[in-house]
Amino acid sequence: MAKKYIDVMDTTFRDGFQSVFGGRVLMDDFFPAVEAAKTAGINHFEFGGGARFQSLYFYLREDAFEMMDKFRKIVGPDANLQTLARGVNTVMLDTGSKELIDLHAKMFKKHGTTTIRNFDALNDVENLKYSGERISHHGLKHEVVVTMMDLPPGCHGAHTTEFYEKTLREILDSGIPYDSICFKDASGTSNPQKVFDTIKMARGLVPEGTHLRLHTHETAGVSVSAYMAALEAGIDGIDMAAAPVSGGTSQPDILTMLHATKGMDYDLGGLEIGKILTYEKELQNCLSDYFMPPEATMVSPIIPFSPMPGGALTANTQMMRDNGILDKFPEVIAAMQEVVEKGGYGTSVTPVSQFYFQQALNNVMQGPWQAIAPGYGKMVLGYFGKTPVAPDPEVVRIASEKLNLEPTTEKALDLANADESKSLETWINKLKEENIEITEENIFIAAACQEKGISFLKGEGELNVRKISQMKKDCEGSSSMGNGNYTVVVDGQKFSVQVAEGDANIQVTAVEGESVAPSTPAPAAASGDEVSIKALLPGNVWKIVANPGQSVNEGDVIMILESMKMEIDVVAPRGGVIRSINVATNDKVVEGQVVAVLG
């Protein structure tokens, strides 16, 4: 009797990179490993989409479309190259209009994609209809998704086999065109028995011959058991990664699953252990200079209590490292349980996982429910679709009040389509204003990545890759100050300081341009009836809204900070006149730094 053929998708170069390095791996560094994977007999790859679209523009100064073209050239025309899309969000954190959803499918087809795996974190089937239609329209294979996780203990009302059956029936009844169905557990928390029951249910519900897949992560330590349960229940395909970006927050290792299925009636993609060993050795060599976050290699027994997906966990810890608040991570993870419970049980996968994390971070840094993360608030108010269960009424009330938005039951696609800022015309005009070439690729990059996309297209993108060699140089260079000009912060105020040896005449100049004596106290400290306005979180100054001398009312936005993928409004605590703005656009700020003074 022939063994059952199981299609293996290698997630190394998309989900693996996202789960371990927050997506920050340069294309020329990993392309030799792609060649090695091809030689090893792998012909189904996840190679883009999801957060690996934005991360190239945000952190790598690379074009995702160029990367996809080069990847296709390496693996040849017959390989199945797959990307990840988020329903009406496609590869954006916000919802897209019909024009942008169509452009997403068109551009990904143009740049080498074979299959798009398409999910909605809320399991709102309405969010999958139009995106699925456009994926099929442009000649791509559509893999429609049911998203999974286990709820924290004591939580009930969704994420059971019965809930997934209801979602799957809605998909089948909706007429959405599809080529395969995936059950996706981004947090790796679904218990193996539920996985078995769900795949068994689906196998009996879908038409004969339907290709069913399971995707999971090792984060909670049950991924291999979950895959074994799925194989027993009749799954046709599973996702795996190669070391060193396997296990931990990523997918199970290819070699691990080959070992786990020895002597069983399954053929995992015709893959051979010896060839995979050679491929993994090449990958390890390619990534040897990349800093491996310790949390990326660990299995966490507390993840089922606070389901943070592998693909977002390291991305968030990297951002916390960059902002100097990694010590807060255990508190944030602990705070997630309440955020998930009161948020309506959307699956912890991007963008909802990021909403959960941002709200948990706010609850830790600013006090429980004192500030509402915009994404989380809009989710509980209904702007991303219908949550599996109704969110907590008190949280809905707070979100409505803080964001000045009313709850809605309108479809997310209809809301996005009515938003002029999400039209092609808006982004074409933006490119014209910035003297950027008008191409469909550039339009989509700008719409998907907004200000950071524009910065990339202008050649001003940020390069932020954690390499061991560079970190060593940074440490060596920080041991002493050489001659030159430095910017220092004193009591929240920035000064340009000239450093020189001997008795040279040292100049200290306020960054705003006003010369001050070295002994003069920092000028921005508020006195009398003045109020110092401080940054609540570390981050970057994204936009300055008010100017010195301008009158403002209580609650008016003075500036907007960007921190941890959040836009944070800095507001006037009372009415008055802006005495000073103490930062400039793109400045980095620390928690508690004075950013403005109100008189």
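**Surroundings of Leu-403 and the α18–α19 contact**

Beyond residues up to four places away in sequence, Leu-403 touches Ile-372, Pro-374, Gly-377, Lys-378 and Leu-381. The model is predicted. Leu-403 lies in helix α16, which spans residues 393-403. With a relative accessible area of 23%, Leu-403 is classed as partly exposed, because the buried class is restricted to values under 20%. One of the residues touched by Leu-403 is Ile-372; the C-alpha atoms of this pair are 7.6 Å apart in space, at a separation of 31 residues in sequence.

At the level of the whole chain, 20 helices and 20 strands are assigned. The chain has 599 residues, of which 56% are buried. Among contacts with a separation of 6 or more, 73% are between residues 24 or more positions apart. The exposed area of the chain is about 24,300 Å², and carbon and sulfur atoms supply 50% of this area.

A pair of packed helices is described by the angle between the axes and the distance between them. For helix α18 (residues 424-433) and helix α19 (residues 440-457), the axes come within 10 Å and cross at roughly 35°. The crossing of α18 and α19 is left-handed. On the α18 side, the contact is made by Leu-424, Trp-427, Ile-428, Lys-430 and Leu-431. Helix α19 contributes Asn-442, Ile-443, Ala-446, Ala-447, Gln-450, Glu-451, Ile-454 and Leu-457. By class, the residues of the contact between α18 and α19 comprise nine nonpolar, two polar and two charged.

How values were computed:
Residues numbered from 1 in each chain as written. Predicted model: local features only at pLDDT ≥ 70, side-chain atom pairs only at ≥ 80, totals over all residues. Heavy atoms only, no water. Helix = DSSP H or I, 4+ residues; strand = E, 2+ residues; numbered from the N terminus. Buried < 20%, exposed > 50% of the residue type's maximum accessible area, 1.4 Å probe, protein only. Contact = heavy atoms within 4.5 Å. Areas by Shrake-Rupley, 256 points an atom, 1.4 Å probe, with all protein chains shown as cover. Axes fitted to C-alpha atoms, helices over the stretch in contact; angles between N-to-C directions. Left-handed = near helix turned anticlockwise from the far one by under 90°. Nonpolar A, V, L, I, M, F, W, Y, C, P; charged D, E, K, R; others polar.
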